[in-house]
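Here is a report on a protein and DNA assembly. It goes from the DNA surfaces to the chain contact, then to single helices and residues.

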Protein chains: 2
Amino acid sequence: MTRITADVRFLRGYNQALVMAVGRTARRFERSTVVEATGLTPQAVSKVIARLSAAGLIRPTDVRRPGVGKPAVVYELVPDSRYAIGAHVARRTLRLVLVDLAGTVRHSAVSPLPGDFTPPQLLDALRSGIDAMAGGPDLRGRLTGVGIGMIGPLDHAHGLVRGAHGLRHWHDVPLREIAEKHLGLPVHLDKDVTAGITAEAWRHGATFGDAALIMIESGIGGGFWLGGAAHRGAHTNAGEFGHTVVDLDGPRCVCGRHGCLEIVHQHAADAGDMARAARVVAVGVVNLLQTLDLAHVVLAGADLLRHPDTYLPAVTAAVQADARRANWLSTRVTLSSLGADAIAAGAAMQILDQHYGIPELAPT
Amino acid sequence: MTRITADVRFLRGYNQALVMAVGRTARRFERSTVVEATGLTPQAVSKVIARLSAAGLIRPTDVRRPGVGKPAVVYELVPDSRYAIGAHVARRTLRLVLVDLAGTVRHSAVSPLPGDFTPPQLLDALRSGIDAMAGGPDLRGRLTGVGIGMIGPLDHAHGLVRGAHGLRHWHDVPLREIAEKHLGLPVHLDKDVTAGITAEAWRHGATFGDAALIMIESGIGGGFWLGGAAHRGAHTNAGEFGHTVVDLDGPRCVCGRHGCLEIVHQHAADAGDMARAARVVAVGVVNLLQTLDLAHVVLAGADLLRHPDTYLPAVTAAVQADARRANWLSTRVTLSSLGADAIAAGAAMQILDQHYGIPELAPT
DNA sequence: AAAATTTAGCAACAGCGTTGCGTAATAGGG
DNA sequence: CCCTATTACGCAACGCTGTTGCTAAATTTT
């Protein structure tokens, strides 16, 4: 990882992103709010607000007259000013969402994909879906790009699908490049779980600490948000959390090892013992907490959300039992706030994050 | 986590740190080297070099005449210009090292600590050890501070020892504060494993990607370097890697759960089966790789370094077997380059890193 | 000796957040 | 009704950053 140089352009983008983060979390805000949240001087905030207003990203809506003194101008984010498309590519379905600048899902649609679909088939499905959702001329100008979340292995930096598990026609496909050509929009490619945790982080704003998203849906994966950014690892391969061994003498997994979390969980689920399945996941989650000391664990995925009342209490109980040893620890366990849209919406937010989030100093 | 504002002071510190990182890895360097490594303009590099030279951190040593054109000035880091003390506080010993600006351990000393030592006893041992090692008036002026690495739980942001495992007199001790008073030097407190991974990162320079240090020494812990910085988690408690479950029906661990990596490893080691002990560690390391996708795994700790020829091949083999599934992955497995000094030296480098490393934008 | 090539730095510049200070808008007291 | 205190806000100057344009210096090649 080579670090990139920092110049005044970085300063501008960074502090603008701080203000945008305030606007995204607190729907209405004024200058003093931003000053307190960021530590910038009032004058600096005025300049940033002027720039953002000129770009149409925020606008004054009101004045606050709390008592003595000149009234303060109340600003708000303009959700309609920018949009992004998010795509969740699964084995048999394509889910598309339209997300606005505030992080709200404005439209959502699911369409089937052909069995063992090819890259051209996906591109066509993407195109027609996007046209149906945001084809109008008014929206088109405010579309910032398309985020695609799918299973790995892949290379997000170069936009390559290395070889998606269970899909025959997806080995070393330069999906970002061909999709940008086909769609005429900037495209970002990432693992599904990384997109999912981005959605949670984007919605929670700057107060979102280290966190993980546990996804149970055709396998078990984990997305990580560490140190204020998505963690993808050295080869965009982080998150193969389902293939960590929790039972040395357990059944053989498809990956060749024995007692992976995923296969142990699968056996329990297949036997209809969802309580045990949930406990297995809970063990994995506590393993993560021990290793990474997370502030927030988000549960997601179609298979998990089918039994939320089983998984959530099991994981919460395990986390609390473990936290009791160190009574000053606190970790929140929640269900994904976006439900089935989590991955697609997160992919869209990754596009918005590239434009209006904290700029990166250490590129890919 | 509230983000901190970025101003021009940050720019200066950041780009200076980039140049210092070049100087630390390439012992001799010239302007064009830095230009290529950082992306800064030649003129900007000249300004940074002028500042660093004025501070005595680097100096011109030579000129290079490669052929046609004006000779280039060759600079070098001045190792003697700054020092830091590192302390590794273990249950029965105190290891102190003197590290120079280049990251070289100049002196190393181990002294015994009283059984169940108290905070005042540690402070006295620190003081006399530091006086013996760097008491001279010439060195004193160039001492930037003291780094302390010890077992947790602790709070590095506030410099508190929450309650070191196995030490009776260490509950909620504000060690940083009292040590700074007692020693008259800036003090940084951190977990031993975090200090250890900092040493590796500091020595490898900017090319060091995501990495973990696995430490086996009175328990099993992990230190993490993710995204260009140490990962400590939400409560400085990341790294309790030994207390991740790898055997659901395994023996009961001191932590209350069953089949923790640490207790399974311990049973194998106690039975004299070091091969199995090493294989258990290897399983844990592969679990980490699956989860975090690390570029580098460093093995350290007194108990591990007692059997390097057992552990290193076992872990390497397991990593390679796993990497074969995804043949484009590559992870290096090495022994700690600093041996027994790793923790203490890393603690010292944390002090140097605070002054001459990449400044943080997200505090705590 | 002249030309070509490479390195280095001076000077002017644009842009960032900061500082100093003046102005606008409100409520409350005399 | 006027005056004052209070609060919000911005213009202008400033210090500092990295960048750009251009000149000077040092060396090899022709």
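Ala, Val, Leu, Ile, Met, Phe, Trp, Tyr, Cys and Pro count as nonpolar, Asp, Glu, Lys and Arg as charged, and the others, Gly among them, as polar. On that basis, the surface near DNA strand C divides into eleven nonpolar, ten polar and eight charged residues. The model is a predicted one.

## The DNA surfaces

DNA strand C is surrounded by 29 residues. The closest are T41(A), A44(A), R31(B), G69(B) and K70(B). Two or more residues each come from α1 and α3 of chain A, and from α2 (31-38), α3 and β3 (72-77) of chain B.

DNA strand D has 30 residues around it. Here S46(A), G69(A), K70(A), V73(A) and A44(B) come nearest. The elements giving two or more residues are α2, α3 (42-54) and β3 (72-77) of chain A, along with α1 (8-25) and α3 (42-54) of chain B. By class, the surface near DNA strand D has twelve nonpolar, ten polar and eight charged residues.

The table sets out the classes for three surfaces.

| Surface | Nonpolar | Polar | Charged |
|---|---|---|---|
| Near DNA strand C | eleven residues | ten residues | eight residues |
| Near DNA strand D | twelve residues | ten residues | eight residues |
| Side of chain A that touches chain B | 27 residues | 19 residues | eight residues |

## How the two chains meet

Chain A superposes on chain B after a rotation of 180 degrees, with 0.0 Å of shift along the axis and an RMSD of 0.1 Å. That is the relation of a two-fold axis. The same surface serves both copies: of the contact residues of chain A, 96% recur in chain B.

The contact takes 54 residues from chain A and 53 residues from chain B. On the side of chain A that touches chain B, α1 (8-25), α2 (31-38), β13 (220-226), β14 (229-231) and α9 (274-292) each supply at least two residues. Helix α9(A) gives the most, with five residues.

## Chain A as a whole

Chain A has twelve helices and 16 strands. Its C-alpha trace spans about 70 × 55 × 40 Å along the principal axes. How does the radius of gyration of chain A fit a compact globule? With 364 residues, such a globule would have a radius of gyration near 21 Å; chain A has 22 Å, which agrees. Buried residues make up 51% of the 364 residues. Among contacts with a separation of 6 or more, 59% join residues 24 or more positions apart.

## Two helices of chain A

Start with α2(A). Its buried residues are V34(A), A37(A) and T38(A). They fall within an arc of 80 degrees seen down the axis, so they line one face of the helix. An α-helix has 3.6 residues a turn, so residues three or four places apart point the same way. The buried residues of α2(A) pack against α1, β1 (28-30) and α3 of chain A. The face turned away from that buried side carries the exposed residues S32(A) and E36(A). After α2(A) comes G39(A), with a positive phi near 85 degrees.

Now take α6 (residues 175-183) of chain A. In this helix L175(A), R176(A) and A179(A) are buried. They cover an arc of only 90 degrees around the axis, which puts them on the same side of α6(A). Their cover includes α4 (119-134), β7 (143-150), β9 (160-163), β10 (171-173) and β11 (187-191) of chain A. G184(A) follows α6(A), and its phi is positive, near 70 degrees.

## Two single residues

I358(A) sits in the segment after α12 (342-356) of chain A. Is I358(A) buried or exposed? I358(A) is buried, because 21 other C-beta atoms lie within 10 Å. Leaving out residues up to four places away in sequence, I358(A) touches Y14(A), A17(A) and G228(A). I358(A) and H169(A) are 189 residues apart in sequence and 36 Å apart in space, C-alpha to C-alpha.

A72(B) is found in strand β3 of chain B. A72(B) counts as partly exposed, because it has 15 C-beta neighbours inside 10 Å. Beyond residues up to four places away in sequence, A72(B) touches E30(B), R31(B), S32(B), V63(B) and R64(B). S32(B) is 40 residues from A72(B) along the chain, and their C-alpha atoms are separated by 8.5 Å.

Terms used:
Residues numbered from 1 in each chain as written. Chains lettered and ligands numbered in written order. Predicted model: local features only at pLDDT ≥ 70, side-chain atom pairs only at ≥ 80, totals over all residues. Least-squares fit on C-alpha atoms with pLDDT ≥ 70 in both. Contact = placed C-beta atoms within 7 Å. Helix = DSSP H or I, 4+ residues; strand = E, 2+ residues; numbered from the N terminus. Near = placed C-beta within 6 Å. Buried ≥ 20, exposed ≤ 12 C-beta atoms within 10 Å, placed from the backbone. Arc of directions from axis to C-beta. Rg over C-alpha atoms; globule rule 2.2 N^0.38 Å.
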